[in-house]
Amino acid sequence: MKGINCNIVKDLLPSYVDKICTEDSRRLIEEHIGGCEQCRTQLKLLQGTELTDEQGEQRRISYLKKLKRHYEKGITSLVLLTLAIIGASLFLVGHNDRNLLYVIFPLSLIAAYGLMPGSPLAEQRSKFAGVLIAGSILVSIFLVAYYGHAVLYLCRNALDDMKEIGPFDVSLHETGPYLEKRLVFAAVTQLGFFVLSNMLGLRGYRIHKSIYGLTLTGFWLATGYIGILHNMSTTEEFSQIWVRMTACLMAEGIICSAAACIFAKKIISHS
């Protein structure tokens with residue numbers, strides 16, 4: 001069954017037999033065993049085994065320990081990955097190495113899809129997961145459009161004597177800091193969406209894996225744009241780099257996310 005595999009069902013069966021699992025878990029287990037002979041046999045064996053109070057308690061303790069290890073591993077992986085992403089972004093902004101950006105971005109995607117563990121709990125639906133995806137998409141659209149407007153404005157006025165007022169009715173010498181504040185806000189927001197989506201996944205909520213690609217693409221776009229601001233020489237170079245960076249990062253995000261999702265599905269189907 002999509003969304004829950006045999007290994008997860010086997011872990012939950014003792015709780016199902018002891019009638020201590022949640023209603024959502026019970027429903028998912030029953031749907032799964034309806035089409036899985038192996039798990040159905042395992043359930044019959046457990047139901048045919050008389051458990052003493054002590055044995056039941058030991059199983060519950062074992063299950064709780066497994067949950068604790070799962071959360072500890074997940075939170076540790078999330079903290080380390082987030083710190084690595086922040087550190088890499090600060091390094092890239094300081095050195096303006098765009099070629100390195102195109103390498104680090106897919107590596108961060110691979111790490112996000114590969115290192116974050118799935119939840120041993122039966123998956124639950126969450127409306128908030130959809131809100132995170134929609135929010136990430138809107139922030140990315142705003143980011144590209146907002147920055148693109150500034151680029152086009154500067155290019156249109158490059159042949160003039162450059163007006164005192166820059167894009168967004170901000171004085172020209174304040175345009176850089178003005179844009180950078182909003183780019184930093186967009187990057188922090190996308191990273192926040194990334195962390196929240198992983199926390200929901202650790203808690204057993206159903207999160208579409210595309211959220212990793214969406215949030216990290218937006219984050220690295222903002223990082224790349226900040227790097228351009230810090231090292232811009234001419235308006236023509238400004239526009240060319242913006243177009244090239246936007247196209248490359250979006251293409252990388254789509255390709256790497258699609259490949260990772262397909263790979264993850266194959267692993268689940270063979271588990």
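**Note on helix packing and internal cavities**

1. The second largest cavity is lined by F142, L143, Y146, Y147, L179, R182, L183 and A186, and the space within this cavity comes to about 50 Å³. The model is a predicted one, and the points below should be read with that in mind. To the lining of the second largest cavity, α6 and α7 (175-202) each contribute at least two residues, and by class the lining consists of seven nonpolar residues, no polar residues and one charged residue.

2. The packing of α6 against α7 bears on this cavity. The axes of these two helices come within 10 Å and cross at roughly 160°, which makes α6 roughly antiparallel to α7, and the crossing is left-handed. On the α6 side the contact is formed by F128, A129, L132, G135, S136, V139, S140, L143, Y146, Y147 and A150, which meet Y178, L179, R182, L183, A186, T189, Q190, F193, L196, S197 and L200 of α7. Sorted by class, the residues of this contact are 15 nonpolar, six polar and one charged. Among the contact residues, L143, Y146 and Y147 of α6 and L179, R182, L183 and A186 of α7 are also named in the lining of the second largest cavity.

3. Helix α6 (residues 127-156) also packs against helix α8 (residues 210-231), at an angle of about 25° and with the axes 9 Å apart; the two helices are therefore roughly parallel to each other. In this pair, α6 passes α8 in a left-handed crossing. The residues in contact are L132, I133, S136, I137, S140, L143, V144 and Y147 from α6, together with S210, I211, L214, T215, G218, L221, A222, Y225, I228 and L229 from α8. The class count for the contact of α6 with α8 is 13 nonpolar and five polar residues, with no charged residues.

4. A reader comparing the two contacts of α6 may wish to look at L132, S136, S140, L143 and Y147, which are listed in the contact with α8 and are listed again in the contact with α7.

5. Helix α8 has a further partner in α5, and the axes of α5 and α8 come within 10 Å and cross at roughly 155°, an arrangement that makes α5 roughly antiparallel to α8. The crossing of this pair is right-handed, whereas that of α6 with α8 is left-handed. From α5, the residues L101, I104, F105, S108, L109, A112 and Y113 meet S210, Y212, G213, L216, T217, W220 and G224 in α8. The contact of α5 with α8 comprises nine nonpolar and five polar residues, and no charged residues.

6. The cavity count for the model is two, taking those of 30 Å³ or more, and the largest cavity has a volume of about 70 Å³. The lining of the largest cavity is made up of L92, V93, N96, D97, R98, L101, T223, G224, G227 and M245. The elements giving two or more residues to this lining are α4 (53-95), α5 (98-115) and α8, and α8 gives the most, with three residues.

7. By class, the lining of the largest cavity has four nonpolar, four polar and two charged residues, which may be set beside the seven nonpolar, no polar and one charged residue in the lining of the second largest cavity. Two of the residues lining the largest cavity, L101 and G224, also appear in the contact of α5 with α8.

Methods: Residues are numbered from 1 along each chain as its sequence is written. This is a predicted model: local features need pLDDT of at least 70, side-chain atom pairs count only at pLDDT 80 or more; totals for chains, interfaces and linings use all residues. Side-chain values use heavy atoms; hydrogens and water are left out. Axes are lines fitted to C-alpha atoms, for helices over the stretch in contact, and angles run from 0 to 180 degrees between N-to-C directions. Helices (H or I, at least four residues) and strands (E, at least two) are DSSP runs, numbered from the N terminus. Angles under 35 degrees count as roughly parallel, over 145 as roughly antiparallel, 65 to 115 as roughly perpendicular and the rest as oblique. A crossing is left-handed if the near helix is turned anticlockwise from the far one by less than a right angle, and right-handed if clockwise. Contact means heavy atoms within 4.5 Å. Ala, Val, Leu, Ile, Met, Phe, Trp, Tyr, Cys and Pro count as nonpolar, Asp, Glu, Lys and Arg as charged, and the others, Gly among them, as polar. On a 1 Å grid over the protein atoms alone, a cavity is a set of points where a 1.4 Å probe fits but cannot get out, and a pocket is an open set with protein on both sides within 12 Å along at least five of seven lines; lining residues have an atom within 4 Å of a point. Grid points are joined across faces, edges and corners, and a volume is the space filled by probe spheres set on the points.
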